[in-house]
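Here are my notes after a pass through this one. Have the structure open while you read.

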Amino acid sequence: MLNAVPDDDDSPESGAATGPRRRGARGNDGVVVDVAGTQVNISSPGKVFFPQHGETKLDLVRYYQAVATPLLATLGGRPLLMERHPNGAGGKSWFQKRVPSSVPDWLRTTVVATPNGTTSDALVAADLAHVLWAVNLGCLGFHVWPYHADAPQITDELRVDLDPSPGTTFADVRHAAVLARSLLRELGIEAFVKTTGSRGLHLYVRLEPRWDSYQVRAGAVALARELERRHPESVTAQWWKEERGSRVFVDFNQNAPHKTVFGAWCVRPRVGGQVSAPIRWDELPDIDPERLTIASVPARLEADGDPWQEMYERPQSLEPLLELSRRDMDSGLMDAPWPPVYPKQPNEPPRVAPSRARRE
């Protein structure tokens, strides 16, 4: 278990637990964490959030303090969808896009929209204090928008979600990741990889601030289709599950406007405290996502540094994938299907499963 006792580190990055203790909801003493001068109340710090090994709410606070620098390098300034588990992993949960009505005056929010145009005030990952404020609410998962709150019209991340289908293994997902990396490298694009904290993998590309979410999704569709053309036995771009077979699905629609993806360095709401952890490509053949946890990831970071550091320093061009997309459209291909919550899009095929279309 991580240290559940407030330490004496008062550095701005990690934040120190300070001030008088207060009684928590279950009789645990509360603590106040100072983050660069911002006071964040942590109630019931001893509440167990991850029952497999007994890590507590304060352990989760300490985890995010330990990974604050790389966490904010990828989440910083972006809107967050909170996945709340007030009684810990395995308990009752819900997704919360809208922040509560009563919040500290220092809390930063931004207006986000759903595909149908409904708006809400979402939390912004302005700094570590904002993350810890959400942790105190029982947030065990942060799902992150692919843009910064200051520039919502610009999508600056391509996110390649490699989703295992029934009958596939993590070894199959690893293989698909290598194939995707190889294709992207052929196009002059360098991708970075992370575990999802579950059974899949995510590849990220930090983009130059030049494209919107529709263009980024078009690039993702083109990548998925080209991977399927080259490796039809291993990878699929088919949106309908009945057409995927036992292949790894490249979920291009994770790049659709308003879509969020589970954040890098964020702890999953699983009883073992697994983390969606950035890794180096040379680790991929032997990595076990189950062992990347709230307890183990800080030591990895301290020993090896941030595997994604180069990604932040060198934004890349989407143009090679957009050229693939234009080639596909010029050859007569229609757009790929969109999720059902989205309005019908131009050049989209009928939004009906193939088996049902045949019956009709």
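The points below go through helix packing, salt bridges and two backbone oddities.

1. First, a reminder that we are looking at a predicted model. Please read every number below in that light.

2. Let's start with helix α6, residues 297-304. Its buried residues are Val-297, Pro-298 and Leu-301. Because these cover an arc of only 105° around the axis, they sit on the same side of α6. Glu-302 and Ala-303, on the other side of α6, are exposed. The spacing fits the textbook picture: with 3.6 residues a turn in an α-helix, residues three or four places apart point the same way.

3. What do the buried residues of α6 pack against? They pack against α1 (57-66) and α2 (68-75). Just after α6 comes Gly-305, with a positive phi near 80°.

4. α1 has another neighbour to look at, helix α3 (residues 128-136). The two axes come within 10 Å and cross at roughly 160°, so α1 runs roughly antiparallel to α3. The crossing is right-handed. On the α1 side, the residues involved are Lys-57, Leu-60, Val-61, Tyr-64 and Gln-65. Their counterparts in α3 are Leu-128, Val-131, Leu-132, Val-135 and Asn-136. Between this and the α6 packing, α1 is a good place to centre your view: α3 meets it here, and the buried residues of α6 pack against it too.

5. On to charges. How many salt bridges are there? The count comes to 25. The one I'd look at first joins Arg-327 to Glu-226, with the closest N and O atoms 2.8 Å apart. Arg-327 lies in helix α8 (residues 319-330) and Glu-226 in helix α5 (residues 213-230), so this pair ties together parts that are 101 residues apart in sequence. The two ends differ in setting: Arg-327 is partly exposed at 39% relative accessibility, while Glu-226 is buried at 8%.

6. That pair doesn't stand alone. Salt bridges with shared partners join Glu-186, Glu-226, Arg-229, Arg-230, Arg-327 and Asp-328 into one network. It's worth displaying these six side chains together.

7. Two other salt bridges deserve a quick look. Glu-190 pairs with Arg-181 at 3.3 Å, N to O, and Glu-190 is buried, with a relative accessible area of 15%. Arg-210 and Glu-208 also meet through their side chains, at 2.7 Å. Is Glu-208 buried or partly exposed? With a relative accessible area of 25%, Glu-208 counts as partly exposed, because the buried class stops at 20%.

8. Now the backbone. Ala-36 has a positive phi, near 50°, despite being a residue other than glycine. You'll find Ala-36 in the loop between β2 (29-35) and β3 (38-42). Its relative accessible area is 58%, so Ala-36 is exposed.

9. Ser-44 also has a positive phi without being a glycine, at about 45°. Ser-44 is in the loop between β3 and β4 (48-50). Here the setting is the opposite: Ser-44 is buried, at 2% relative accessibility, whereas Ala-36 is exposed. I'd put the two loops side by side on screen when you check these phi values.

Note on methods
Residues numbered from 1 in each chain as written. Predicted model: local features only at pLDDT ≥ 70, side-chain atom pairs only at ≥ 80, totals over all residues. Heavy atoms only, no water. Salt bridge = Lys/Arg side-chain N within 4 Å of Asp/Glu carboxyl O. Buried < 20%, exposed > 50% of the residue type's maximum accessible area, 1.4 Å probe, protein only. Helix = DSSP H or I, 4+ residues; strand = E, 2+ residues; numbered from the N terminus. Arc of directions from axis to C-beta. Contact = heavy atoms within 4.5 Å. Axes fitted to C-alpha atoms, helices over the stretch in contact; angles between N-to-C directions. Parallel < 35°, antiparallel > 145°, perpendicular 65-115°, else oblique. Left-handed = near helix turned anticlockwise from the far one by under 90°.
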